[in-house]
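Visitor: I would like a close look at one part of this structure. Please start with the covalent cross-linking, then place it among its surroundings.

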Amino acid sequence: MRTRGLTLIEVLVTLGLLGIIASLGLFATLGEYRGDTLRSERDTFVALLTRARAHAMNNIAGVPHGFCVDANDYVVFAGTFSQSAIEEYQPLSRVVARSGFPACGSGSEILFTQLSGTTTQTTLTLLQNGQTLTVSVNGEGMVGW
């Protein structure tokens, strides 16, 4: 006489297949999360660069505005860089590496001139887990990514 139901082998095979499918989905999700971290970091500093340029072009406080990076933060400042000139800062992500970013107080800060927004041409690069994102600032102050 046979009873209806599933055997233990059928249940184990089904659970094994579901586990494999779930783990593949988890790896895909983690890859997207890492990419989101990198893109979010890019968006943060692009917004700050754009804000510094907009403040310079609008001649806020009658001085140029700039962007730089200190040990822990992205920094937007007015005039020449000093602690009292800082207008805004955002914390850096610890999982993203940076290349080409000007250090605050080094004299190489990105400085946008008043009314025109022109600056020195530069390229900034973010690196994370083999992915690279590049942002360029041309001589006219346009930020491209």
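How many disulfides does the structure hold?

Guide: The structure holds one disulfide. Bear in mind that this is a predicted model. The bond joins C68 to C104, with the two sulfur atoms 2.0 Å apart. The angle about the S-S bond is 90 degrees, and the link of C68 and C104 is right-handed. C68 belongs to strand 1, residues 65-69, while C104 sits in the loop between strand 4 and strand 5 (110-112), so the bond ties together parts that are 36 residues apart in sequence. Is the pair buried or exposed? C68 and C104 are both buried. In general, a disulfide is a covalent bond between the sulfur atoms of two cysteines.

The loop that carries C104 starts from strand 4, and strand 4 leads on to a sheet. That sheet is open, has four strands and runs in the order 4-6-7-8. Its pairing is antiparallel. Strand 4 (97-99) is one edge, and strand 8 (143-144) is the other. Each of these edge strands pairs on one side only. Inside the order, strand 6 covers residues 122-128 and strand 7 covers residues 131-137. Strands 6 and 7 are antiparallel partners, joined over seven bridges. For a point of register, take L124: the residue opposite is V135 in strand 7. As a rule, strands of a sheet pair through backbone hydrogen bonds, either parallel or antiparallel.

Next come the charged contacts. A search of the whole structure finds four salt bridges. One of them joins E88 and R51, with the closest N and O atoms 2.7 Å apart. This contact links distant parts of the chain: E88 is in strand 3 (residues 86-91), R51 is in helix 1, and 37 residues separate them. How open is each partner? E88 has 22% relative accessibility, so E88 counts as partly exposed. R51 has 32%, which means R51 is partly exposed too.

Another salt bridge stays within helix 1, residues 8-57. There the side chains of D36 and R39 meet, at 2.5 Å from N to O. D36 and R39 are three residues apart, about one turn of the helix. D36 is partly exposed at 41% relative accessibility. R39 is partly exposed as well, with a relative accessible area of 33%.

R42 and D43 form a further salt bridge, their closest N and O atoms being 3.2 Å apart. The two partners fall into separate classes. Buried means under 20% relative accessible area. R42 has 14% relative accessibility, so R42 counts as buried. D43 has a relative accessible area of 40% and is therefore partly exposed.

One more position gives a sense of distance. A22 is found in helix 1, and A22 is partly exposed, with a relative accessible area of 48%. From A22 to G79 the chain runs 57 residues in sequence. In space, the C-alpha atoms of A22 and G79 are 54 Å apart.

Back to the starting point: the disulfide joins C68 to C104, and both cysteines are buried.

Terms used
Residues numbered from 1 in each chain as written. Predicted model: local features only at pLDDT ≥ 70, side-chain atom pairs only at ≥ 80, totals over all residues. Heavy atoms only, no water. Pairing = 2+ DSSP bridges. Helix = DSSP H or I, 4+ residues; strand = E, 2+ residues; numbered from the N terminus. Buried < 20%, exposed > 50% of the residue type's maximum accessible area, 1.4 Å probe, protein only. Disulfide = S-S within 2.5 Å.
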